Amino acid sequence: MATPATAPSASPAPKARRPRRKTKLGWNLLGLAVFLTAGFPVYWMLNTAFKPAKDAIDPNPHFFPRTFTLENFRRALEVSDFWGPVGRSLIVSLVVVVIGIAIGMLAALAISRFAFRGRKIVIVGILAVQMVPLVAMIIPVFLLLNDLGQYDKLSGLIITYLTFILPFTVWTLRGFIVNIPKELEEAAMVDGCTRTGAFVRVVFPLLAPGMVATSVYGFIQAWNEYLYALMLMSQQNQTATVWLGNFTTKNGTEYAPMMAGSTMMAVPIVVLFLLVQRKMAAGLTAGAVKG
């Protein structure tokens, strides 16, 4: 007896990939637009730094320099003192980062791991301090440092920078510590570690990438700060950002040497980022916990 022929099974419809490709292309174009918008000022700074001074003020600027010269860098090094302001900026930035990370890590650990009275008030206070405009604190900071005898001193500038870098450090490190499971510390303490030993052996290695990322951002903030360095330091003790103002004189602004000086000022930031880029990337993606 003949069996009836079975109907062929319907194959699954192919998934539509065009919308996904269009979405991916759109995000790529958006990322490219953001990169060009953020990177063009840096390119124009380098372009102006290596072109002759007369081309820097040409009313019809060229996208690519027609001739390259290092004369602007020589001129930048001759204007006032270069290494003194750069050295002072390095000292201030490094000291601020070291103190900020040391105090900020302990404060972030206390906020994220311990329950104490006024904990929420401390967290809200940290956020409130970050929302206060820096320009609003110039006069109180000036009067306070003058009374303490810290005006026109690097120590006074370091204390001032800590007032806005330390809250940022505490809040950022708190986010990293919260994403480290408490069970890891508890397991280490069950195995015989003290709370301090559990932190040093378990939490600290996991927190290291976050500390590196926070340190880089804190260093950049201290290195690029201009307003307080201008108001609190004299001409003899000026920092690198204030030093750039020497290119603006009564005869006009020397744009090409100024861009050359800005390029040299960017070198420490670039070198620092290249040294810690792996830890930086790990710190920015920290917090993913596998279940």
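Arg88 is buried (under 20% relative accessible area with a 1.4 Å probe, protein chains only; over 50% is exposed and in between is partly exposed), yet Arg88 has no salt bridge, and Asp81, the nearest side chain of opposite charge, lies 4.9 Å away. A salt bridge here needs a side-chain nitrogen of Lys or Arg within 4 Å of a carboxyl oxygen of Asp or Glu. This is a predicted model, in which local features need pLDDT of at least 70 and side-chain atom pairs count only at pLDDT 80 or more, while totals for chains, interfaces and linings use all residues. Residues are numbered from 1 along each chain as its sequence is written, and side-chain values use heavy atoms, without hydrogens and water.

**Around Arg88**
- Arg88 sits in helix H4.
- Beyond its neighbours within four places in sequence, Arg88 is in contact (heavy atoms within 4.5 Å) with Leu154, Gln236, Asn237 and Gln238.

**Nonpolar cores**
- The largest nonpolar core (buried Ala, Val, Leu, Ile, Met, Phe, Trp, Tyr and Cys joined through side-chain atoms within 4.5 Å) has 30 residues, and Leu173, Leu207 and Phe247 have the most contacts inside it.
- A second, separate core has 17 residues, including Val141 and Leu232.
- Phe247 touches Ala76, Val79, Gly252, Thr253, Glu254, Pro257 and Met258, leaving out residues up to four places away in sequence.

**Gly197**
- Gly197 belongs to helix H9, and Gly197 counts as buried because its relative accessibility is 19%.

**Confidence**
- Mean pLDDT (the predictor's confidence in each residue, from 0 to 100) is 83, and 89% of residues reach 70 or more.
- Over residues 287-291, pLDDT stays under 50.
- Where pLDDT is low, please don't read the predicted coordinates in detail.

How values were computed: Helix = DSSP H or I, 4+ residues; strand = E, 2+ residues; numbered from the N terminus. Lys, Arg positive; Asp, Glu negative; His and termini not counted.
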